[in-house]
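Me: Could you take a close look at how aromatic rings pair up in this one? I'm in my first year, so please keep it relaxed and spell out the cut-offs.

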Amino acid sequence: LRYVEIKPGRISQLASLGQITTRAGYTLPGDIDLSGTSFESIPNGYAAISAIPATGIIQLIAFIGFLEGWVMKDVTGEAEFAGDFRNGAIDFGWDSFDEETKLS
C-alpha cells in the first residue's frame with residue numbers, strides 16, 4: 001500500500017509546480033473551449049475552478065479517472081519499488097551503478 005502514499009505526493013508536487021508556473025505568467029496557448037475562452041483568462045488558485053467551463057471540469061475528472069484506472073499502475077509486474085509505474089518503459093541504468101554512485 002506504499003503506492004497509495006506516493007501518488008498523492010506526486011500529485012501535490014505537480015499541483016505546486018502548476019501553481020508556480022501560472023503565477024509566473026506562463027499559460028498554455030490558445031483557447032480552453034470552443035467558445036473562445038483563452039487559457040490566459042483563467043485566474044490563479046481556487047478562482048480558476050469557477051472560471052473553467054463545466055465541460056472542462058468533466059474532461060479533467062475523466063482524464064484523472066483514466067490515468068488512475070488504466071495508466072498509473074504496475075501492469076507488467078516489473079516494479080522495482082513501491083510507486084514504480086514505469087512498466088519497463090524507462091530505464092536510467094540504476095542497476096548498473098555501483099553502491100557508491102547510488103549513495104551519492
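Reply: Below I start with the rings and then move out to the rest of the chain.

First, some ground rules: this is a predicted model, with residues numbered from 1 along each chain as its sequence is written. Local features need pLDDT of at least 70, side-chain atom pairs count only at pLDDT 80 or more, totals for chains, interfaces and linings use all residues, and side-chain values use heavy atoms, with hydrogens and water left out.

Now the rings. A search of the whole structure turns up one aromatic pair. Its members are F66 and W70: the ring centres sit 6.0 Å apart and the planes are at 25 degrees, so we call the pair stacked. Here's the rule behind that: rings of Phe, Tyr and Trp (for Trp, its six-membered ring) pair if their centres lie within 6.5 Å, and planes under 30 degrees apart count as stacked, over 60 as edge-to-face, and the rest as tilted.

Where do F66 and W70 lie? Both are in helix α3, residues 54-71, and they are four residues apart, which is about one turn of the helix. (Helices are DSSP runs of H or I with at least four residues, strands are runs of E with at least two, and both are numbered from the N terminus.)

Are these two residues buried or exposed? F66 is partly exposed, at 39% relative accessible area, while W70 is exposed, at 61%. Those words have cut-offs too: buried is under 20% relative accessible area, exposed is over 50%, and partly exposed is in between, using a 1.4 Å probe and protein chains only.

Next, what surrounds α3 in the sequence. The chain has four helices and zero strands, giving the pattern α-α-α-α along the sequence. Its radius of gyration is 18 Å, well over the 13 Å that the globule rule gives for 104 residues, so the chain is more spread out than a compact globule. (That radius is taken over C-alpha atoms, and the rule is 2.2 Å times the number of residues to the power 0.38.) Along its principal axes, the C-alpha trace spans about 55 × 30 × 25 Å. Of the 104 residues, 12% count as buried.

Let's follow the chain on from α3. V75 lies in the loop between α3 and α4 and is exposed, at 57% relative accessibility. From V75 to I90 it's 15 residues in sequence and 14 Å in space, C-alpha to C-alpha. G83 is also in the loop between α3 and α4 (99-103), but G83 counts as buried, at 5% relative accessibility. The C-alpha atoms of G83 and P43 are separated by 33 Å, with their positions 40 residues apart along the chain. After α4 comes the segment that holds S104, which is exposed at 78% relative accessibility. S104 and G69 are 35 residues apart along the chain, and their C-alpha atoms are separated by 36 Å.

On the other side of α3 in the sequence, L28 is in the loop between α1 (2-23) and α2 (47-51). L28 is exposed, at 54% relative accessibility, and its C-alpha atom is 18 Å from that of T55, 27 residues away along the chain.

So, back to your rings: F66 and W70 form a stacked pair, and both sit in α3.
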